[in-house]
Each structure stands twice: as C-alpha cells, then as structure tokens.
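Biologist: Let us go through this chain together. I will ask, and you answer from the coordinates.

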Amino acid sequence: MKNYWIYCLLILVATITGCGKDNYDEPTSTLTGRIVYQGQPLQLKGSNQSVRLQLFQDGYDFRTPFDIFVTQDGSFSATLFDGHYKIVTRDGNGPWVNSRDTTEVELRGNATLDFEVTPYFTISDASIALDENVMQTSFTVNQIVEDATIDRVMLLLNTTTFVDEVANVMRSEFPGDDFTPGQVTLDVDFSEETEAVNARALFGRICVWPSGADQGIFSPVVRLK
C-alpha cells in the first residue's frame, strides 16, 4: 500500500510539472502595417495567402521565419511577443524588385510599419464602369523600373469584394505586347459569362502583370452593381 501511494504522488508531481511547462503566456502585442511605394499602399492579390512578408526575431537560435500574410489592399497584421524583429520580403514573391533589404522594428505593445518596396509598375487614375454587359475601363500604367515589361493585362469581375486572377467570375486577358506605359482604355464584353451577367452584385478590378514576376499589381476594387 505504501508503494501505491508513493506511485500516485509521483504521477501527481509529474502532471503538475508538465502542466506548468505548457502554461506559456500568449502574445499580446500587435504589429500592423502596409506595403507601400512612396508612401502609397499597393493593391495586391488577396486570395490564397499569395503575398507574404517574412519576420525573424532576434535572440532565438531557431531561425525559421514567421510568415505574415498581406491582404489585397496592401495591409498586414500579426500578433506577436514583444521584441526586436527583422522583416524582409519573401524571396521571389510580389510584383516588385526582389530586394532582400531588411526593415527592423522594436515591438513594445503595438506598432505600425510602412514597408517600402519598388514595384515594376503601378496603376493610377483607374475608372471602371458597366454599360449593360460591357466592362469599360480607363487607367494609367506607370513604369517604375526602367527595363520592366508587361506580360499581360487583365480585366476582372467577381461577385464578392475579393477580386484577382483566381477569385473571379470573369477574367479577360490581353497580351502585354499590346501595351506601353501611359494612358490605357480597355473594354470587354462579358455577355457569354452567365455567372457575371446574372450576378446581383459585381466588383471590378484591373491587373497589370510584370514579366517574370509571380504576382500582378492591381487597381482598387470598385463595386459596379
């Protein structure tokens, strides 16, 4: 019987010790920010967690980066422990020059960050409208990197506010050879796209895809009906 009680005591001590090891504090600080060019947030693909930043924390031997997913309006947010962090773009990811320059941030409570990149192109002065089943657009393609070329231009419609080359009910592509930077006017008739024609709500977006990039640059989402 004595051995039985000793055994029970050992089990109790082991259980308490194990629970103590698991009771770590949860992170409570928040880092929020935007991916920007010259202070202006970039419009990006928001579906499938396609655009990411990578974050490293100083003082830890475990150097696997923590991915921060970027939304389609260029914003991001992460809940973290206080500490000193280094942030870089994911290698080969994004419609910008593939620079691995590091941005550092000291997190004590909450912090905000504008993460500056150099996109190959930007889109400005975008206008999107519907004329029955015709999507009418005009926009300006601004060349930021001198030797960058356009792979393709896309006009996109979706029934939700998430609009990109994957999330859509209408996608019309035009080869990049047809375009040069500057003012562009582009229309598409989507009369044969039944889901788009019958949709009670439609949202539109323009995309310029740089040659050699894994992502395109977009215009803001516009509600059309």
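The questions below go from confidence to sheets, then to single strands and one residue.

Biologist: What pLDDT does the chain average?

Modeller: This is a predicted model, so confidence comes first. Of the residues, 87% score at least 70. The chain averages a pLDDT of 89.

Biologist: Over which residues is the pLDDT below 50?

Modeller: Where pLDDT is low, the predicted coordinates should not be read in detail. One such stretch has 0 contacts in the model beyond near neighbours in sequence. It covers residues 1-22.

Biologist: How many strands are there in the chain?

Modeller: The chain has 225 residues, and 42% of them are buried. The helices number 2. The strands number 16.

Biologist: What share of the contacts between residues at least 6 apart in sequence join residues at least 24 apart?

Modeller: This counts contacts in the chain, leaving out pairs under 6 apart in sequence. The share that joins residues at least 24 apart is 64%.

Biologist: How much of the exposed area do carbon and sulfur atoms supply?

Modeller: The chain exposes about 12,600 Å². Carbon and sulfur atoms supply 49% of it.

Biologist: Which strands are the edge strands of the open sheet of 4 strands?

Modeller: The order in this sheet is E4-E3-E6-E7, with antiparallel pairing. An edge strand pairs on one side only. The twist averages 35 degrees from one strand to the next. The edge strands are E4 (66-69) and E7 (103-107).

Biologist: Which residue in E7 stands opposite Lys 86?

Modeller: E6 spans residues 83-89 and runs antiparallel to E7. The two are joined by 5 bridges. Opposite Lys 86 stands Glu 104.

Biologist: By how many degrees are neighbouring strands turned against each other on average in the sheet of 3 strands?

Modeller: That open sheet has the order E9-E10-E13, with antiparallel pairing. Its edge strands are E9 (121-131) and E13 (182-189). With direction ignored, the average turn is 15 degrees.

Biologist: Which residue in E10 stands opposite Phe 121?

Modeller: E9 pairs with E10, residues 134-143, in the antiparallel sense. The pairing runs over 9 bridges. Opposite Phe 121 stands Gln 143.

Biologist: How many residues of E14 are buried?

Modeller: E14 covers residues 203-210. On one side Phe 203, Arg 205, Cys 207 and Trp 209 are all buried. On the other side Gly 204, Ile 206, Val 208 and Pro 210 are buried too. The count is 8 of 8.

Biologist: Why is E11 largely enclosed by the rest of the structure?

Modeller: Buried here means under 20% relative accessible area. E11 is largely enclosed because its buried residues number 8 of 9.

Biologist: What is the bridge partner of Leu 155 in E14?

Modeller: E11, residues 150-158, runs antiparallel to E14, and 8 bridges join them. Met 154 stands opposite Cys 207 in E14. The bridge partner of Leu 155 is Ile 206.

Biologist: What is the bridge partner of Leu 157 in E12?

Modeller: E11 also pairs with E12, residues 170-175. That pairing is antiparallel, over 6 bridges. The partner of Leu 157 is Met 170.

Biologist: Which residue in the turn between E14 and E15 has a positive phi?

Modeller: E15 spans residues 217-218 and is joined to E14 by 2 antiparallel bridges. Cys 207 stands opposite Phe 218 there. The hairpin has 6 residues between its strands. The residue, with a phi of about 85 degrees, is Gly 212.

Biologist: What is the bridge partner of Phe 203 in E16?

Modeller: E16 covers residues 222-223. It runs antiparallel to E14, with 2 bridges between them. The partner of Phe 203 is Arg 223.

Biologist: Is Gln 72 buried or exposed?

Modeller: Gln 72 lies in the loop between E4 and E5 (75-80). Beyond four places in sequence, its contacts include Leu 42, Phe 162, Arg 205 and Val 221. Its relative accessible area is 12%, so Gln 72 is buried.

Biologist: Which residue has its backbone oxygen 2.7 Å from a polar atom of the side chain of Gln 72?

Modeller: Gln 72 is in contact with residues including Thr 161, Phe 162 and Val 163. The backbone oxygen at 2.7 Å belongs to Thr 161.

Methods:
Residues are numbered from 1 along each chain as its sequence is written. This is a predicted model: local features need pLDDT of at least 70, side-chain atom pairs count only at pLDDT 80 or more; totals for chains, interfaces and linings use all residues. Side-chain values use heavy atoms; hydrogens and water are left out. pLDDT is the predictor's confidence in each residue, from 0 to 100. Contact means heavy atoms within 4.5 Å. Two strands pair if DSSP finds at least two bridges between them. Axes are lines fitted to C-alpha atoms, for helices over the stretch in contact, and angles run from 0 to 180 degrees between N-to-C directions. Buried means under 20% relative accessible area, exposed over 50%, partly exposed in between (1.4 Å probe, protein chains only). Accessible areas come from the Shrake-Rupley method with a 1.4 Å probe; for residues, only the protein chains shown count as cover. A polar contact is a pair of N or O atoms within 3.5 Å; within protein, one must be able to donate a hydrogen and the other to accept it, and residues adjacent in sequence count only if both atoms are side-chain atoms.
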